[in-house]
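Let's walk through this model together, from an enclosed space to the helices around it. Keep the structure open beside you as you read.

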Amino acid sequence: MRRRVAAASFVGTAIEFYDFYIYGTAAALVLDDAFFPHLSPVNSVLASFSTYAVAFIARPVGSVLFGHFGDRLGRKSVLVASLLLMGLSTAAIGLLPTYDTWGAWAPALLVTLRFLQGIGLGGEWGGAALLAVEHAPADRRGRFAAYPQLGPALGFFAATGVFLLLTSALSDSAFEAWAWRVPFLLSLALVAVGLFVRLRISETPAFRRVVADRRTSRNPFVDVVRDHPRELLLGAGGMVVAYGLFYTAATYCLAYGTKTLGISRTSMLLAEMVAAVLLAVATWFAATRSDLLGRRRMVVAGTVAAVLWGPLIFPLLDTGRLSLIVLGIGGTLFISGVIYGPMGAFLPELFPAHLRYSGAGSAYSLGGVLGGAVAPLVSTRLQDQIGSWAVGWYVSLMALVSLVCVLLLPETRKR
């Protein structure tokens, strides 16, 4: 059963994050022209990233909604519902007519579907992390939590790989006309695989004990806010830089490289795929090491590295040399993985079992509002008004905020 749980948490998060990331890649490459064709180049990119940001605003809503039922009814059934919502919303984006066909209705529906994607993913991470952690032996929670934490790396690699294949095999006109829809429609097949895997697992022992002891909360999120506000806010603050590093590298740098530096889509997507491998390596290493060294110590090391690395990112990209671009993006995602890996156990361990889905999921998603939603928007404006060097210092500022928050949290490895 533990092997099944590890597989279910890994496969499910990989599929959901694939769905989430293909939107970010499409937003960087094509959605600005398809849905916002009458804006200036900078404003169309900002509009495209704004629809991208909508999902991060929706994710806390999903965390509260799915967390409520996850803490009252169980982890397994809620995870099935989140997977279905995410997959169907993603496929619908692939069928959505563009601005030239439906006018203003097209971007309006795009925002709606992106909001539903965010709600689905908001319910996904908390349940997947709990599925792994609550089945794990006490001395290997970091290792088991690494499986759902690896899902984003695989999802990002797969999403980037599909776009790389399409841009390499087809002309720019074919890609912009119809081929960008293919990754969204593939989501239907992936969701079927995810459902098959998740329906074969059992409920977690921790939640079964909560039910047996009659400790389920009537209003889990309200109880989290009342009884654990410190853990909620500081946990969210600790996640800011993990999001900021990832979405700066995965989304903003992709748009910056193709639209500002004039680097080919194929070269930039190849650089992103190499960086995704480094993200996976760092995630696994840091998550498993946290069982020996502690969650807090690993996250602190990652945030300190991020403070120092931020100013180096864009000088590396601005060289225009593919090897240095890979170093800039790859180094950014590697540091993101060092922070992100231990968070799979760190955030759940901050909260008691009967409030854990709501608490851990909400902290995770709230961090995404500042780190994931705002970062590409702020980066685009900073680059346009000041220069690319300012974006790197903005990354360092996010890292400094997260470092302070993590230092104010306790070590949880032995809880």
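The paragraphs below take up a cavity, a pair of crossing helices and one short helix.

This is a predicted model, in which local features need pLDDT of at least 70, side-chain atom pairs count only at pLDDT 80 or more, and totals for chains, interfaces and linings use all residues. Residues are numbered from 1 along each chain as its sequence is written, and side-chain values use heavy atoms, with hydrogens and water left out.

Start with the cavity: the structure holds one of 30 Å³ or more, with a volume of about 120 Å³. Here a cavity is a set of points on a 1 Å grid over the protein atoms alone where a 1.4 Å probe fits but cannot get out, and lining residues have an atom within 4 Å of a point. The lining counts 15 residues, and Tyr21, Pro152, Ala242, Phe246 and Tyr340 lie nearest the centre. Twelve of the lining residues are nonpolar, three are polar and none is charged. Helix H13 (229-260) is among the helices that supply at least two of them, and H13 gives the largest share, five residues.

Helices H1 (2-29) and H7 (141-169) also contribute at least two residues each to that lining. Their axes, lines fitted to C-alpha atoms over the stretch in contact, come within 6 Å and cross at roughly 35°. The contact of H1 with H7 has 20 nonpolar, five polar and one charged residues.

Finally, look at H12 (residues 220-227), where Pro220, Asp223 and Val224 are buried, meaning under 20% relative accessible area with a 1.4 Å probe, protein chains only. Seen down the axis of H12, the buried residues fall within an arc of 105°, so they line one face of the helix.

How values were computed:
On a 1 Å grid over the protein atoms alone, a cavity is a set of points where a 1.4 Å probe fits but cannot get out, and a pocket is an open set with protein on both sides within 12 Å along at least five of seven lines; lining residues have an atom within 4 Å of a point. Grid points are joined across faces, edges and corners, and a volume is the space filled by probe spheres set on the points. Helices (H or I, at least four residues) and strands (E, at least two) are DSSP runs, numbered from the N terminus. Ala, Val, Leu, Ile, Met, Phe, Trp, Tyr, Cys and Pro count as nonpolar, Asp, Glu, Lys and Arg as charged, and the others, Gly among them, as polar. Buried means under 20% relative accessible area, exposed over 50%, partly exposed in between (1.4 Å probe, protein chains only). The arc is that of the directions from the helix axis to the C-beta atoms. Axes are lines fitted to C-alpha atoms, for helices over the stretch in contact, and angles run from 0 to 180 degrees between N-to-C directions.
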